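Biologist: I would like a close look at one part of this protein, the way its helices pack against one another. Please take the contacts one by one and then say where that part sits in the chain.

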Amino acid sequence: MSMVLPGVVGFKLSGKLRDGVTATDLVLTMTQMLRKHGVVGKFGMGELSLADRATIANMSPEYGATMGFFPVDHVTLQYLKLTGRSDETVSMIEGYLRANKMFVDYNEQPQQGAYSSFLRLDLAEVEPCISGPKRPHDRVPLKEMKADWHACLDNNVGFKGFAVPKEEQNKVAKFTFHGLPAELRHGSVVIAAITSCTNTSNPSVMLGAGLVAKKAYELGLEVKPWIKTSLAPGSGVVTKYLLRSGLQKYLNQQGFNLVGYDCTTCIGNSGELDESVASGISENDIIAAAVLSGNRNFEGRVHPLTRANYLASPPLVVAYALAGTVDIDFEKEPIGTGKSGKSIYFKDIWPSNDEIAQVVQSSVLPDMLKSTYEAIYRRAELLASLLREVEPINTLDEPYPPYFKNMTVEPPGPHGVKDAYCLLNFGDSITTDHISPAGSIQKDSPAAKFLLERGVDKKDFNSYGSRRGNDEAMARGTFADIRIVNKLLKGEVGPKTIHVPTGEKLYVYDASMRYEAAGQDTIVLAGAEYGSGSSRDWAAKGPMLLGVKAVIAKSFERIHRSNLV
């Protein structure tokens, strides 16, 4: 009899993905299902390509799991061969897994998996979708997007609301972009980014994006020049197969030029918007949108000026860039006008699954992966040889981060918190991005002041993510999210709080230091799902450095609760 492992959710998949539905659509659908189910552990399945499995596994923090795992089967072995492993190595791996009853062979009598619970999903029911405007699990079917957008404009400020008055919803902000007439409305796309390590390593969606760009270009559609577009693949292999397929040139034509291989827009490294665009948004209070193929879209993460941020597949990122707005019904409204003067619709530029499969088959070659990964090892050897020539630096005299002070071998154990003040009072779904943002450092913030005092120019601030090695900067960046909602501020949004003894409104860091100087403890109050999102250690270290003695919440994201402990 199989032992049932606690916290393990099994997925039973049936059917086949419909034409036009991508792995990203499947991921966003599963993320929503798992969030509703309340998953905190793992899940397994065996009906997907390896690239699709990797895409799903990468989203595990968003659906609240420690990990997403899959049966080891023939698909796994095919991938090992594709990435240059020898037949001997692959045979050894298969033999070992079979001997230990860990290999799934679909030609044999299937074994029933032992899970705490099951979710069922018919792949034929998955439909094109995006997620947003503020959380990864707020999935919106593409056919409902226009109605959902208008509901967001109407709704009170929240995860699905901006509270824009009816009379303000149709306003147009006209401006000049490098001599060209331009305009912005609520929902105008100002950032369109194909970015995220895993989504942008999936050949079907990356080549699908190239096909959308090609079809649009041939019909005479082009992305507006004031939309900031970028392409940041998760691997150098992507560039090789985009070039081989001939599709990279069409992505370039639409502005999706290669910017690097790293975390970019998804973690807030989109860079500045053009000054004319930024002014148009700020001066007219426009709810501007970003559409990206990343896996996180929490408030304030992508860019300070994009209040609406939607996660989409790479092909959909290109489609929304061409449309220039999220306020569109792709089934009924044209994306634009082609060179023949004819209206071009979504169906005119969207490739079929067969088209994508043919390009994948002809463009993704095993030698591409093998040569790319061999180069990584050569670079590692070069780096090691350089490091051997570097003189070691004595850092023993430098101050250690404060959390090492008075550290004992054994943990001190629980202790009482008495007469503490409330530093912050939050509602539901405060993410690790709210607690310790990774994005840009705002010019008037305590972290900016700290850097300026040490001779760092504003242009060299970089991001909180790049400053993670400095506890002084990161302590000042704790609770510094520009969209954080603290109930003590009674409706005002931003990284400030009320210093209770004096009633003064201060930056959270400055209030914390004032409490600490007076010997007063503080606590944080929160609603459900406190600490959801990526497992960021600084989201636990930061509050500790601010002197927070306890976090009292309706519920915690399990990994973050462990980090706090």
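Modeller: What follows goes through the helix contacts, then the domains and two backbone details.

The model is a predicted one. Two packed helices are described by the angle between their axes and the distance between the axes.

Start with helix 6, residues 203-219, and helix 12, residues 353-363, whose axes lie 9 Å apart at an angle of about 115°. Helix 6 and helix 12 are therefore roughly perpendicular to each other, since angles of 65 to 115 degrees are counted that way. The crossing of helix 6 past helix 12 is right-handed. On the helix 6 side, the contact is made by Pro-203, Ser-204, Leu-207, Gly-208, Leu-211 and Lys-215. Helix 12 contributes Glu-355, Ile-356, Val-359, Val-360 and Ser-363. Sorted by class, the residues of this contact are 6 nonpolar, 3 polar and 2 charged.

Helix 6 also meets helix 7, residues 236-245. Here the axes come within 11 Å and cross at roughly 45°. Helix 6 and helix 7 are therefore oblique to each other. This crossing, too, is described as right-handed for helix 6 passing helix 7. Pro-203, Met-206 and Leu-207 of helix 6 touch Val-238, Tyr-241, Leu-242 and Ser-245 of helix 7. The class count for this contact is 6 nonpolar, 1 polar and no charged residues. Pro-203 and Leu-207 of helix 6 appear in the contact with helix 12 and again in the contact with helix 7.

Helix 7 in turn packs with helix 13, residues 366-388. The axes of helix 7 and helix 13 come within 9 Å, and they cross at roughly 145°. The crossing is right-handed. From helix 7, the contact takes in Gly-236, Val-237, Lys-240, Tyr-241 and Arg-244. From helix 13, the partners are Met-368, Leu-369, Ser-371, Thr-372 and Tyr-373. These residues divide into 5 nonpolar, 3 polar and 2 charged. Tyr-241 of helix 7 is listed in this contact as well as in the contact with helix 6.

As for the place in the chain, the domain assignment gives domain 1 as 9-125, domain 2 as 129-366 and domain 3 as 421-564. The centres of domain 2 and domain 3, taken over C-alpha atoms, are 31 Å apart. Between these two domains, 12 residues of domain 2 are in contact with 18 residues of domain 3. The UniProt record, an unreviewed entry, places the feature "domain: Aconitase A/isopropylmalate dehydratase small subunit swivel" at residues 448-565. Over residues 448-565 the chain is 31% helix and 16% strand, with 30 Å between the end C-alpha atoms.

Two backbone details remain. The peptide bond from Gly-132 to Pro-133 is cis, with omega near 10°. Pro-133 lies in the loop between strand 4 (129-131) and strand 5 (139-141). Asp-285 is not a glycine, yet its phi is positive, at about 50°. Asp-285 is found in the loop that runs between helix 9 (275-284) and strand 10 (288-292).

Definitions and conventions. Residues numbered from 1 in each chain as written. Predicted model: local features only at pLDDT ≥ 70, side-chain atom pairs only at ≥ 80, totals over all residues. Heavy atoms only, no water. UniProt positions renumbered as here; feature names shortened; annotations may be inferred. Helix = DSSP H or I, 4+ residues; strand = E, 2+ residues; numbered from the N terminus. Axes fitted to C-alpha atoms, helices over the stretch in contact; angles between N-to-C directions. Parallel < 35°, antiparallel > 145°, perpendicular 65-115°, else oblique. Left-handed = near helix turned anticlockwise from the far one by under 90°. Contact = heavy atoms within 4.5 Å. Nonpolar A, V, L, I, M, F, W, Y, C, P; charged D, E, K, R; others polar. Domains from an automatic or database assignment.
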